[in-house]
Amino acid sequence: MATRVLLVDDQPLLRTGFRMILEAEPDLVVVGEAGDGQQAVEQVRALQPDVVLMDIRMPRMDGVEATRQITGPGRDGPAKVLVLTTFDLDEYVVDALRAGASGFLLKDAPAQELVQALRVVAAGEAMLAPSVTRRLLDKYAGKLPSGEDPVPNALHTLTEREVEVLRLVARGLSNAEIAAELFVSETTVKTHVGHVLNKLGLRDRVQATVHAYESGLVRPGAE
């Protein structure tokens, strides 16, 4: 079954270019377009896309707020959001990840990278290496907890091993690397990661990394 994509950008020429790239792929179909965040929210409700390719800076409603409304609590089978940005080190990207985006992609990325990113996000994975998320959060460390604040109650639902796994996820380690670090199997790590996501109500590893920073579990710049 083809992945249904909604294109959201305030520049019609860019939307046309994205449409041409995606419609050349047999497993991707563009079901609609929107020129601002408000239209995007309305189109998601009407068209039920699998993935929204979302610009950040737009009139009426920006991509961050649109992402929050599309992926927020109470949504029935929400579409996944892949954010488009001109600059990778952009505070709006951090806000979009906090709002529920599954990752981001630069607007000048090669066509095949765009296609692959949509496939990855549609499959339920995070299209953003946790190490990149960490670099973003380190840059905007001033907006995050110092690490000296009390640990939020939600983290107390995790076992000691799950907290350890969360810290390693936030450091940017893959499942294989975490397995080597903890001397366990990769399958065991996947199980722990799944438990962490379920207990904390998170969608993917990107959100887990953001949560680890926001909760103060991981301090910006710490190894």
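**Exercises on the sheet and its surroundings**

In this predicted model, five strands build an open sheet whose order is β2-β1-β3-β4-β5 and whose pairing is parallel.

**Exercise 1.** Determine which strands stand at the edges of the sheet, and why one side of each is left without a neighbour.

*Solution.* Begin with the strand order, which reads β2-β1-β3-β4-β5. The edge positions are taken by β2, residues 28-34, and by β5, residues 104-106; each has a single partner strand, so one side of each lacks a neighbour in the sheet. To complete the description of the sheet, add the twist, which averages 25 degrees from one strand to the next.

**Exercise 2.** Describe how β3 and β4 pair, and state which helix lies across them.

*Solution.* First locate the strands: β3 covers residues 51-55 and β4 covers residues 80-85, and the two pair in the parallel sense over five bridges. Next, take one position within this pairing, where L53 stands opposite L82 in β4. Finally, turn to helix α3, residues 63-71, which lies across β3 and β4 and runs at about 160 degrees to β3.

**Exercise 3.** Characterise the protein chain as a whole by its elements, its burial, its contacts and its exposed area.

*Solution.* Start from the elements, which are 10 helices and five strands. Then consider burial, for which under 20% relative accessible area is the cut-off: 47% of the 223 residues count as buried. Among contacts with a separation of 6 or more, 67% are accounted for by residues 24 or more positions apart. Lastly, the protein chain exposes about 10600 Å², of which carbon and sulfur atoms supply 51%.

How values were computed: Residues numbered from 1 in each chain as written. Predicted model: local features only at pLDDT ≥ 70, side-chain atom pairs only at ≥ 80, totals over all residues. Heavy atoms only, no water. Helix = DSSP H or I, 4+ residues; strand = E, 2+ residues; numbered from the N terminus. Buried < 20%, exposed > 50% of the residue type's maximum accessible area, 1.4 Å probe, protein only. Contact = heavy atoms within 4.5 Å. Areas by Shrake-Rupley, 256 points an atom, 1.4 Å probe, with all protein chains shown as cover. Pairing = 2+ DSSP bridges. Axes fitted to C-alpha atoms, helices over the stretch in contact; angles between N-to-C directions.
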